[in-house]
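Here are my notes on this model, point by point. Please read them with the structure open.

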Amino acid sequence: MGKVALITGITGQDGSYLAELLMSKDYEVHGVVRRSSSFATGRIDHLRRGNESGGRPLELHYGDMGDATGLRGIIEEVRPDEVYNLAAQSHVRISFDQPEYTADVVGLGVLRLLEAIRDHNQRHNRAIRFYQAGSSEMFGKAEEVPQRETTRFHPRSPYACAKAYAHSQTVNYREAYGLFAVNGILFNHESPRRGENFVTRKITRSAGRIKVGLQDKLLLGNLEAKRDWGFAGDYVEAMWLMMQQDESGDYVIATGETHSVREFLEIAFDRLKLDWNKYVAIDPRHLRPAEVDILCGDASKARKLLGWKPRVSFEQLVAMMVDADLELANRELRSLGR
Ligand code: NAP
Ligand code: GDD
């Protein structure tokens, strides 16, 4: 019998890659989706028909990180072996507009899930394992470069503060109740499925549309910030590996390379033979009240204990995203009959 996994945030970028990975490993995969007036399942619709080898299709359950009763009900019904908590209001700048909501979903949401799992494990004598989607944003105004598991957190946004709370609670449940609880401290990871208001996708989506004549301007914020960007498909493998170890722990997942937003922009536009200077303008609305200047991770612990390393390079990642978005822009053009 394959294992049963429950993924919150399954409709997001990482949720879709993780569900694909687990289904390819013969897991029975369940996902939590929140009710919306429009469908948000575009990234996972292909999985609802089952996998190529005839495995069980993905099963979805309505739930919300703000609703403890609902989360408990889902845990009782699904009886998962592994829970991957990927749900979040994950946009850093928007967390400054919605600090309380972000703290509730990203911070307290984790506590709700941990309590539901602790209670279930105790009452049914089970050992559900828990993965928390931690973030390099917790390092914030970091004291050292590169950042590793031992680097002190200095969160710089409501989002990062909430993730730091979630991280601590995950460690607390491991130590207090012996729960197998893992914190993945993941640095930025991107893909053609990345949300369109994160900077990498915003750049590649705009480059594609500019190339085919559907757009003539791209408004951005701080071009000097540096991030350690990897490929989301590589990072979900690390999540799974962390959950297969004998003991639970915390792991940094990163490429160890850092690049500025400006560099990303240059490489992306160059690929389409466009001069970005002609199209990009700075819009202060995209600046943040407090910025994280540089993130660069040291994933040697993961390399050593999990045998994990990234496969896709920075240049390959940019190329993959630009090519996918050029194709998307061409489809958009055709749908307009042009
Ligand atoms: P994403 O694309 O923004 O997906 C977030 C997911 O959370 C979506 O499925 C969203 O549902 C769901 N969600 C939001 N609010 C919810 C709520 N109140 N109740 C239930 N579900 C809710 O994020 P991602 O890039 O896949 O990232 C996955 C996780 O890793 C997040 O926790 C993020 O903070 C963390 N993380 C991401 C990165 C990165 O670089 N991508 C790095 C470090 C950590 P809808 O589709 O309905 O909006
Ligand atoms: N979103 C956005 N939009 N960012 C911009 C823009 C813009 O127009 N212009 C410049 N930036 C800069 C931001 O100020 C930031 O320094 C950098 O680009 C990256 O921004 P995002 O792509 O929004 O990602 P993030 O680093 O803030 O957060 C992402 O990575 C975290 C892990 O470090 C998100 O995925 C978080 O959920 C994740 O935890």
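1. A polar contact here is a pair of N or O atoms within 3.5 Å. That cut-off is used for both ligands below. Bear in mind that the model is predicted.

2. Ligand 1 first. Its surroundings comprise 26 residues, and Thr11, Asp14, Arg34, Ser90 and Tyr159 come nearest. Threonine 11 places an N or O atom of its side chain 2.6 Å from an oxygen atom of ligand 1. Aspartate 14 uses its backbone instead: an N or O atom there lies 2.8 Å from an oxygen atom of the ligand. Leucine 86 also works through a polar backbone atom, at 2.9 Å from an oxygen atom of ligand 1. Taken alone, ligand 1 exposes 900 Å², and the protein buries 89% of that.

3. Which elements each supply at least two residues of the shell around ligand 1? They are helix H1 (13-24), helix H4 (99-124), strand E5 (129-135) and helix H5 (158-177). E5 gives the largest share, three residues. By class, the shell has 12 nonpolar, nine polar and five charged residues.

4. Now ligand 2. It is surrounded by 24 residues, and the closest are Ser135, Ser136, Tyr159, Arg288 and Glu291. Tyr159 is thus listed among the closest residues for ligand 2 and among the nearest for ligand 1. Please look at this residue in the display.

5. Three side chains make polar contacts to oxygen atoms of ligand 2. In tyrosine 159, an N or O atom of the side chain is 2.5 Å from such an oxygen. For serine 135 the distance from a side-chain N or O atom is 2.6 Å. For arginine 227, again from a side-chain N or O atom, it is 2.8 Å. Ligand 2 exposes 700 Å² when taken alone, of which the protein buries 96%.

6. The shell around ligand 2 draws at least two residues each from helix H6 (199-211) and strand E8 (218-220). Its residues divide into nine nonpolar, nine polar and six charged.

7. Backbone geometry deserves a check. Most residues other than glycine have a negative phi, and most peptide bonds are trans. Valine 145 and proline 146 are joined by a cis peptide bond, with omega about 0 degrees. Proline 146 sits in the loop between E5 and H5.

8. Two non-glycine residues with positive phi should be inspected. Aspartate 26 has a phi of about 65 degrees. Its place is the loop between H1 and strand E2 (28-33). Aspartate 26 counts as exposed because its relative accessibility is 51%, and the cut-off for exposed is over 50%. Arginine 79 has a positive phi of about 50 degrees. This residue is in the loop between helix H2 (68-78) and strand E4 (82-85). At 37% relative accessibility, arginine 79 counts as partly exposed.

9. What does the search for aromatic pairs find across the whole structure? It finds 10 of them. One is formed by phenylalanine 264 and phenylalanine 314, edge-to-face, 6.0 Å centre to centre with 75 degrees between the planes. The pair links distant parts of the chain: phenylalanine 264 is in helix H8 (residues 261-271), phenylalanine 314 in helix H10 (residues 314-335), and they are 50 residues apart. Phenylalanine 264 and phenylalanine 314 are buried. Elsewhere, ring pairs link Phe139, Phe153 and Phe187 into a cluster.

10. Lysine 301 lies in helix H9 (residues 300-305). Its C-alpha is 6.7 Å from that of tyrosine 251, although the two are 50 residues apart in sequence. Lysine 301 is partly exposed, with a relative accessible area of 28%.

11. How many disulfides does the model contain? The count comes to zero. A disulfide is a covalent bond between the sulfur atoms of two cysteines. The cut-off applied to a pair of sulfur atoms is within 2.5 Å. Two cysteines can be described by exposure. Cysteine 161 counts as partly exposed, because its relative accessibility is 42%. Cysteine 296 is buried, at 8% relative accessible area, since buried means under 20%.

Key
Residues are numbered from 1 along each chain as its sequence is written. Chains are lettered from A and ligands numbered from 1 in the order in which they are written. This is a predicted model: local features need pLDDT of at least 70, side-chain atom pairs count only at pLDDT 80 or more; totals for chains, interfaces and linings use all residues. Side-chain values use heavy atoms; hydrogens and water are left out. Buried means under 20% relative accessible area, exposed over 50%, partly exposed in between (1.4 Å probe, protein chains only). A residue is near a molecule or strand if one of its heavy atoms lies within 4 Å of it. A polar contact is a pair of N or O atoms within 3.5 Å; within protein, one must be able to donate a hydrogen and the other to accept it, and residues adjacent in sequence count only if both atoms are side-chain atoms. Accessible areas come from the Shrake-Rupley method with a 1.4 Å probe; for residues, only the protein chains shown count as cover. Helices (H or I, at least four residues) and strands (E, at least two) are DSSP runs, numbered from the N terminus. Ala, Val, Leu, Ile, Met, Phe, Trp, Tyr, Cys and Pro count as nonpolar, Asp, Glu, Lys and Arg as charged, and the others, Gly among them, as polar. Rings of Phe, Tyr and Trp (its six-membered ring) pair if their centres lie within 6.5 Å; planes under 30 degrees apart count as stacked, over 60 as edge-to-face and the rest as tilted.
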